[in-house]
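Colleague: I should be grateful for a close look at a single part of this model, set out in one connected account. Please begin with the strand pairing and then proceed to the side chains.

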Amino acid sequence: MKWLFWASVAMLAYTYFGYAGWLWLRRRYRPRPVQVASFTPFISIVMIVRNEAAVLDRKLRNLLGLNYPPELSEIIVVSDGSTDATNDILRQSSADPRVRIVLATEAHGKAVGLNKAVAIAHGEIVVFTDARQMVEPDALHLLAQNFADPQVGCASGELMLGDPSAGEAVRGMGLYWRVEKTIREMESASGSVVGATGALYAVRRSLLVPVPEGTILDDVYIPMHVVRQGARVIFVPSARAWDLAPQDTGHEFSRKVRTLSGNYQLVQLAPWLLSGENRLRFEFISHKLLRLFAPFALAAAFLASLALPQPFYRIALALQLVFYGLSLIAMLKLARGPLGRVADAASTFVVLNSAALVAFVKFITARRVAWVR
């Protein structure tokens with residue numbers, strides 16, 4: 001039981017602290033700065049939508065108003081079997097010569113839509129974005145200038161959770177994103193990021209590969225194939241897209257289950273990710289896969305401390321119970337102030353690991369995960 005406890009604690013410590021520490025050291029002693037310079041290539045902005053009438057008009061106006069030469073950009077929107085007013089909005093927007101639309105009568109999934117869009121794209125750089133998030137005016141310029149470095153094959157923007165006027169959320173999932181982005185910054189500063197921000201990322205069209213139908217995490221599948229071809233994937237925190245901090249806990253939980261399920265799927269779709277062929281194998285396992293096993297390590301540590309009679313393990317058990325109690329307090333919204341912030345962090349941790357457990361169940365039962373906005 002002692003071995004089980006300490007092995008579980010060691011795995012959790014590495015997953016949540018050790019990997020970040022290793023990245024910090026690598027960034028400090030082996031930095032790989034990007035050679036940024038003025039660069040204005042033709043850009044194709046690609047967006048796949050399904051029943052996005054509520055936000056689509058605003059997003060199109062956002063994209064058309066970005067600070068990038070109009071003659072050097074196009075917007076390709078694929079409607080994946082939309083049944084609301086999405087197609088009507090797209091037909092109206094196509095009056096602008098920069099907007100090109102593909103209206104699919106049946107839903108085939110985001111991956112199929114991405115392949116259709118890339119096949120007709122003219123841009124040297126293809127920028128992927130989603131309908132819900134608003135892109136800051138200079139984001140395209142800030143992404144494009146990184147491609148002046150021939151080693152860069154993919155540049156990921158930053159997703160900000162909150163209101164641009166009020167600033168980024170710092171509690172709950174907002175806190176999670178801040179930690180996640182710190183990891184990505186350190187990966188980028190000394191090598192490549194394991195994946196990109198789906199809300200905003202750019203790729204050299206020459207490095208794009210077809211995305212298998214049903215792929216959940218195109219924003220990891222595509223960047224990992226960029227790395228496979230010898231190019232870098234970098235993180236550009238100054239190129240930002242904004243989304244509202246999640247308010248619907250159930251919906252956000254479904255999104256996390258989908259994302260974590262996508263990590264299992266990636267190994268099935270691209271088993272080379274676990275082989276020596278993957279230049280980021282160590283980072284991929286540390287950043288993506290170990291988090292999938294964290295719920296089991298948490299359960300093992302709890303059961304071991306429950307079974308061991310020594311005072312140290314009794315204290316460890318008490319601390320775990322306090323931690324889980326704080327998460328329950330946050331879920332019931334019973335705390336405010338400093339205690340509320342600590343409880344929010346505990347709740348976010350528990351929710352993420354619960355989502356990982358649900359994702360595992362879906363994986364072993366071969367249940368398909370729906371496209372969740």
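**Strand β8 and its surroundings**

Modeller: In this predicted model, serine 156 stands opposite tyrosine 201, a residue of β8. The strand that pairs with β8 over three bridges in the antiparallel sense is β6, residues 152–163. Strand β8 also pairs with β4, which comprises residues 125–129; the sense is again antiparallel, and five bridges are found. In β4, valine 126 stands opposite valine 203 of β8.

Strand β8 itself spans residues 200–204, and five of its five residues are buried. Its side chains point in two directions: Leu200, Ala202 and Arg204 one way, Tyr201 and Val203 the other. Both sets are buried. Tyrosine 201, which stands opposite serine 156, and valine 203, which stands opposite valine 126, thus belong to the set that points one way, with Leu200, Ala202 and Arg204 pointing the other way.

A further buried residue is arginine 184, placed in helix α6, residues 173–190. Arginine 184 counts as buried because its relative accessibility is 7%, where the cut-off is under 20%. Leaving aside residues up to four places away in sequence, arginine 184 touches Trp177, Val193, Ala196, Thr197, Phe235 and His287.

Another arginine, arginine 228, lies over the face of tryptophan 272, and the distance to the ring centre is 4.3 Å.

As to contacts between rings, the count of aromatic pairs comes to 17. One of them joins tryptophan 6 and phenylalanine 312: the ring centres are 5.6 Å apart and the planes lie at 20°, so this pair is stacked, the limit for stacking being under 30 degrees. Tryptophan 6 belongs to helix α1 (residues 2–29) and phenylalanine 312 to helix α10 (residues 311–331), so the pair ties together parts that are 306 residues apart in sequence. Tryptophan 6 counts as partly exposed because its relative accessibility is 43%. Phenylalanine 312, at 47% relative accessibility, likewise counts as partly exposed. Separately, one aromatic cluster is formed by Tyr16, Phe302, Phe323, Tyr324 and Phe349.

To return to the part with which this account began, β8 has antiparallel pairing with β4 over five bridges and with β6 over three, and five of its five residues are buried.

Methods:
Residues numbered from 1 in each chain as written. Predicted model: local features only at pLDDT ≥ 70, side-chain atom pairs only at ≥ 80, totals over all residues. Heavy atoms only, no water. Helix = DSSP H or I, 4+ residues; strand = E, 2+ residues; numbered from the N terminus. Buried < 20%, exposed > 50% of the residue type's maximum accessible area, 1.4 Å probe, protein only. Contact = heavy atoms within 4.5 Å. Pairing = 2+ DSSP bridges. Phe/Tyr/Trp six-rings, centres within 6.5 Å; stacked < 30°, edge-to-face > 60°. Lys NZ or Arg CZ within 6 Å of the ring centre and 35° of its normal.
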